[in-house]
Amino acid sequence: MQPRNEAILRGHGGRVDEAERLYPDAPPPWIDLSTGINPHAYPVPAVDPEAYRRLPLGRDLDRLTDAAAAAYGRPAGTALLPVPGSELAIRLLPVVLGPKLRVGVVGRTYSSHAAAWEETGATVRPLPALPDPAARDLDVVVLVNPNNPDGASVSRAALLGFAEAWTAAGRKLIVDEAFADVTPDLSLLAADRLPDGVVVLRSLGKFYGLAGLRVGFVAVAERAAMPWRRRLGDWPVSGPACAIAAAALLDTAWATAMRARLATDRARLEGMLVSGGLRILGGTDLFVLAEGPPGRDLVDAFAHAGILVRGFPHTPNRYRFGLPADELAFARLAAACRSLAAAAPGR
């Protein structure tokens, strides 16, 4: 028999509509802690109405690319290509790099990476860590840095050293930096040069809280960019999305203040989870991975309180918590954690 909440465990977080259907008696409004999206989204500026009426101009896309380079960095000889969300870039990787390759995915991470390669006939296997650069049984390595959901990371210096050795024989390294905005020192895009064979993915949706805008970037050596450009077409991102994303990326004061706020909120979240009897396993300043007591379904327990958290069928006592958006959400989470602690054995 499938668990009651099986529908909200599949694939990714954010399934509030499914949670509402499965738990009609939960107190409203639902608090969605099941994603790693910043709940304090960048304030969307006014957009020239003309941007909705015409196709994006070359200067719109150039401004967006320049803004991304200013925010992330752009190694010499590297193309920064806008994409309509990094999820599409993940799906395009096997198309651009070639199907039926031997792919290693480091750690438990986004299921989308393995799924995209498997759908094209690639052989995919999980890796506990980066492989020995001398290994000859893989064509591609995929690393999410920092990782989701445990926040594990590899320093820029260590990753560049691996990349140089790994790609020297023509192999590829994919580095997904969707959560690197909170730890920019990790990003390969701040390096002077990106080794050939490295592809870096970035997402605007997580740190800037604009997941619905569907803007991301692929960074790749300029000499390898043409296959990406052909598949993305002349207008990979809408005109309004270009304007909003460029404004967000250029607002360094907002980014600096937000990093400080997220770090404070993460510490507060961890304290509440510990008080509820959970053990902190890792995370980033956008989400926390915690372990709950064995034999109890905390997705179900929190859902009864109108709080959606992310569970993992392969590790049923581990849960990911995003950041509460406001004082009401923190208060409701605190109450749910108190109820959880009160229901613990021996209390």
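**Figure 1. Pairing of strands β12 and β13 in the predicted model.** In this predicted model, strand β12 (residues 310-311) and strand β13 run antiparallel and are joined by 2 bridges. The connection between β12 and β13 is a hairpin of 6 residues. Within this pairing, Arg310 has Arg320 of β13 as its bridge partner. Strand β13 comprises residues 318-322, and 4 of its 5 residues are buried, so the strand is largely enclosed by the rest of the structure.

**Figure 2. The open sheet that contains β13.** The sheet has 4 strands in the order β9-β10-β13-β12, and their pairing is antiparallel. Strands β9 (279-284) and β12 stand at the edges; each has a single partner strand, so one side of each is left without a neighbour in the sheet. Strand β10 (residues 287-291) pairs with β13 in the antiparallel sense over 5 bridges. Opposite Val288 stands Phe321 of β13. In general, the strands of a sheet pair through backbone hydrogen bonds, in either a parallel or an antiparallel sense.

**Figure 3. Arginine side chains over aromatic rings.** Arg320 lies over the face of Phe287, at 5.9 Å from the ring centre. Arg320 is also the β13 bridge partner of Arg310. A second arrangement of this kind involves Arg202 and Tyr72: the charged end of Arg202 sits over the ring of Tyr72, 3.9 Å from the ring centre.

**Figure 4. The aromatic cluster around Phe207.** One aromatic cluster is formed by Tyr42, Phe207, Tyr208 and Trp254. A search of the whole structure finds 9 aromatic pairs. For Phe207 and Tyr208, the ring centres are 5.0 Å apart and the planes stand at 85 degrees, so this pair is edge-to-face. Phe207 and Tyr208 are both buried. Phe207 also forms an edge-to-face pair with Trp254, with 5.6 Å from centre to centre and 75 degrees between the planes. This second pair links distant parts of the chain, 47 residues apart: Phe207 belongs to the loop between β7 (198-203) and β8 (216-221), whereas Trp254 belongs to helix α9 (residues 252-275). The relative accessibility of Phe207 is 0%, and the residue therefore counts as buried. Trp254 also counts as buried, because its relative accessibility of 14% falls under the 20% limit.

**Figure 5. Asn147 and two cis peptide bonds in the loop between β5 and α6.** Asn147 is located in the loop between β5 (140-144) and α6 (156-167). At a relative accessibility of 5%, Asn147 counts as buried. When neighbours within four places in sequence are left aside, the residues in contact with Asn147 are Arg108, Thr109, Ala152 and Phe287. Phe287 is the residue whose ring face lies under Arg320 in the earlier view. The peptide bond joining Asn145 and Pro146 is cis, with omega at about 0 degrees, and Pro146 lies in the loop between β5 and α6. A cis peptide bond also leads from Asn148 to Pro149, with omega near 20 degrees. Pro149 likewise has its place in the loop between β5 and α6.

**Figure 6. Positive phi values at Lys100 and Arg214.** Lys100, a residue other than glycine, has a positive phi near 55 degrees. Lys100 is found in the loop between α4 (86-97) and β3 (102-106). Its relative accessible area is 67%, and Lys100 is exposed. Arg214, again a residue other than glycine, has a positive phi near 55 degrees. Arg214 is found in the loop between β7 and β8, the loop that also holds Phe207. With a relative accessibility of 40%, Arg214 counts as partly exposed, whereas Phe207 counts as buried.

**Figure 7. The chain as the setting of the close-up views.** The chain contains 11 helices and 13 strands. Its radius of gyration is 21 Å, close to the 20 Å that the globule rule gives for 347 residues, so the chain is as compact as a globular protein of that length. The C-alpha trace spans about 65 × 55 × 35 Å along its principal axes. Of the 347 residues, 53% count as buried. Among contacts in the chain with a separation of 6 or more, 71% are made by residues 24 or more positions apart. The chain exposes about 15,300 Å², of which carbon and sulfur atoms supply 55%.

How values were computed
Residues are numbered from 1 along each chain as its sequence is written. This is a predicted model: local features need pLDDT of at least 70, side-chain atom pairs count only at pLDDT 80 or more; totals for chains, interfaces and linings use all residues. Side-chain values use heavy atoms; hydrogens and water are left out. Rings of Phe, Tyr and Trp (its six-membered ring) pair if their centres lie within 6.5 Å; planes under 30 degrees apart count as stacked, over 60 as edge-to-face and the rest as tilted. Buried means under 20% relative accessible area, exposed over 50%, partly exposed in between (1.4 Å probe, protein chains only). A charge sits over a ring if NZ of Lys or CZ of Arg is within 6 Å of the ring centre and within 35 degrees of the ring normal. Two strands pair if DSSP finds at least two bridges between them. The radius of gyration is taken over C-alpha atoms; the globule rule is 2.2 Å times the number of residues to the power 0.38. Contact means heavy atoms within 4.5 Å. Accessible areas come from the Shrake-Rupley method with a 1.4 Å probe; for residues, only the protein chains shown count as cover.
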